[in-house]
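Colleague: I am new to this structure and would be grateful for a close look at a single part of it. Please choose one element and explain how its neighbours are arranged around it.

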Amino acid sequence: MKEKDRVAVCERTERKEERVKVRNLKSGEIGYTSFCTEAGETIQVTLENGQFDSWVYADCEELPE
C-alpha cells in the first residue's frame, strides 16, 4: 500500500469509523481495519476469524467489498 492509500484508509477507519477490508500481501490473510498507529507504520486489523493482528501498511492492499 502506498503512503497516499494508507492515509486514505486510516482517515476512513479513524474519522468515519469505517472498517476497510485489506489483505496482507505476505501472508495472504484478509482482515478489516480497526485503527492505525500514531507513527503510521502499522494498521491494526481484525482477521476474519476474529483475532487481532498488526500489519505494516506497505505489506497491505485494500480489497473491494
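Modeller: Let us begin with one pair of residues: Tyr32 has Thr46, in β3, as its bridge partner. The model is a predicted one, and the part I have chosen is strand β2, residues 30–36. The pairing between β2 and β3, which covers residues 42–47, is antiparallel and comprises 5 bridges.

Strand β2 also pairs with β1, residues 21–24, again in the antiparallel sense, here over 3 bridges. In this pairing, Gly31 of β2 stands opposite Val22. The two strands β1 and β2 make up a hairpin, with 5 residues between them. Within the turn, Gly28 has a positive phi of about 80°.

A helix completes the picture. The buried residues of α1 pack against β2, and also against β5 (60–62). Those buried residues of α1 are Arg6, Val9, Cys10 and Thr13. They lie on the same side of α1, because the arc they cover around the axis is only 95°. The general principle is that an α-helix has 3.6 residues a turn, so residues three or four places apart point the same way. On the other side of α1, Lys4 and Arg15 are exposed.

The length of α1 can be checked as well. Helix α1 runs over residues 3–15, and at 1.5 Å a residue its 13 residues should span 18 Å; the C-alpha atoms at its ends are 17 Å apart, which agrees. After α1 comes Glu17, with a positive phi near 55°.

Terms used
Residues are numbered from 1 along each chain as its sequence is written. This is a predicted model: local features need pLDDT of at least 70, side-chain atom pairs count only at pLDDT 80 or more; totals for chains, interfaces and linings use all residues. Side-chain values use heavy atoms; hydrogens and water are left out. Helices (H or I, at least four residues) and strands (E, at least two) are DSSP runs, numbered from the N terminus. The expected span of a helix is 1.5 Å times one less than its number of residues. Buried means under 20% relative accessible area, exposed over 50%, partly exposed in between (1.4 Å probe, protein chains only). The arc is that of the directions from the helix axis to the C-beta atoms. Contact means heavy atoms within 4.5 Å. Two strands pair if DSSP finds at least two bridges between them.
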